[in-house]
Amino acid sequence: MLSDIASSLTDPAYLVPILVSVAVFATLFTILAPYFERGDLDARMKSAALERDEIRARERARLHAEQTRGSKSVGLRSHNNASVRGIVEQLNLRKALADDATVAKLRAAGYRTQNALNMFLLARFVLPFFFLIAAVVYVFVLENMTDKPTTVRMLACIVAAYAGFYAPNIFVSNQSKKRQQSIKLAWPDALDLLLICVESGISIEAAMKRVAEEIAIQSTALAEEFVLTTAELSYLQDRRVAFENLGNRTGLEAVKSVTQALIQSERYGTPIAQALRVLAQESRDTRMTEAEKKAAALPPKLTVPMILFFLPVLIGVILGPAAIQVMDNFN
């Protein structure tokens, strides 16, 4: 039966319609997908607002604990998935698979809740077994890789299990890079807006809140970071920590340089407008330099596609009629 399925899958009469159908579906999906996309701006801003409420509740609980002296601090209970949290607590996955760096990576990717950490830990625990079972079924049950030794087939299954273990890390890393790219592109414009607000006499908290509202359409991630920083500035005792958290969450040197300027302005009372103007110009120049680098690297990247796809078609179009005429003359 498996041989019949394999022969059917390799039959050109059966394979060509499938490939054509896939190509047509991919083309239609590419054309129509933008019209069905729904922006998640409201949901993400609501999540940032909930994070602000959590900061408020956590700081109030901490202040209440300091005032009572000796009473245990009342932590904010987040609405997590109870079943996932129970599995994580029973297996003690937090101690085995997570540390401060893991939490920092999740925050950099935009996953700041305890439920996100629990889901990440559960995925790291479950996916290796899932990948291992899938590899065993593919290699031994479906009898693939039969020309390889048994040790090689077992090694392939073990590699699949390792891939499942590191798949959540790869996903979080990709999400973090996308988020950093979004913040990097919108950062110069956000600095310009922040500069305008500061020069008009608005405080840094109100300026960040206003910029978050304006920049949300261009970069929701940056708007979230500004909203969280505004909340931390309002409820943390040390404002320096709020600025440092902004730089640590984004992981971008451009953002860290601005936060350092804000910290110096808070500490020494220096004017922040001139520093913001210089940093905004540097960020804009950096963005333009990166665009020029990509433009300069484009011709070498297009060389191989031109040779593989464009030149054969051009040769066929140019020499095809002449070849047909020559064949007719010989006939």
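Trainee: Which residues is L122 in contact with, leaving aside its neighbours within four places in sequence?

Mentor: In this predicted model, L122 is in contact with V84, I87 and L93. Contact here requires heavy atoms within 4.5 Å. L122 itself belongs to helix α7, residues 114-141.

Trainee: How far is L122 from R85 in space, and how many residues apart are they along the chain?

Mentor: Their C-alpha atoms are separated by 9.0 Å, and the two residues are 37 residues apart along the chain.

Trainee: Why is L122 classed as it is, buried or exposed?

Mentor: Its relative accessibility is 16%. Buried means under 20%, so L122 counts as buried.

Trainee: How many aromatic pairs does the structure hold?

Mentor: There are four aromatic pairs. One of them joins F130 and F131.

Trainee: What makes the pair of F130 and F131 edge-to-face?

Mentor: The ring centres lie 6.2 Å apart, and the cut-off for a pair is 6.5 Å. The planes stand at 65°, and angles over 60 degrees count as edge-to-face. The pair of F130 and F131 is therefore edge-to-face.

Trainee: What is the class of F165 and Y166, and why?

Mentor: Their ring centres are 5.1 Å apart, with the planes at 85°, so this pair is edge-to-face. The angle is again set against the limit of 60 degrees.

Trainee: How do you know whether F130 is buried or exposed?

Mentor: F130 has 53% relative accessibility. Exposed means over 50%, so F130 counts as exposed.

Trainee: And why are F131, F165 and Y166 called partly exposed?

Mentor: F131 has a relative accessible area of 30%, F165 has 24% and Y166 has 43%. Partly exposed covers values between the limits of 20% and 50%, so that is the class of F131, of F165 and of Y166.

Trainee: How do you know that a charge sits over the ring of F165?

Mentor: The charged end of R124 is 4.1 Å from the centre of that ring, and the distance limit is 6 Å. The charge must also be within 35 degrees of the ring normal. R124 is listed as sitting over the ring of F165.

Trainee: Why is helix α6 called oblique to helix α8?

Mentor: The axes of α6 (residues 100-108) and α8 (residues 150-199) come within 8 Å and cross at roughly 45°. Roughly parallel needs an angle under 35 degrees, and roughly perpendicular runs from 65 to 115. The crossing angle fits neither class, so α6 is oblique to α8.

Trainee: Which residues meet where α6 touches α8?

Mentor: K105, L106, R107 and A108 in α6 meet V172, S176 and R179 in α8. By class, this contact has three nonpolar, one polar and three charged residues.

Notes. Residues numbered from 1 in each chain as written. Predicted model: local features only at pLDDT ≥ 70, side-chain atom pairs only at ≥ 80, totals over all residues. Heavy atoms only, no water. Phe/Tyr/Trp six-rings, centres within 6.5 Å; stacked < 30°, edge-to-face > 60°. Buried < 20%, exposed > 50% of the residue type's maximum accessible area, 1.4 Å probe, protein only. Axes fitted to C-alpha atoms, helices over the stretch in contact; angles between N-to-C directions. Helix = DSSP H or I, 4+ residues; strand = E, 2+ residues; numbered from the N terminus. Parallel < 35°, antiparallel > 145°, perpendicular 65-115°, else oblique. Nonpolar A, V, L, I, M, F, W, Y, C, P; charged D, E, K, R; others polar.
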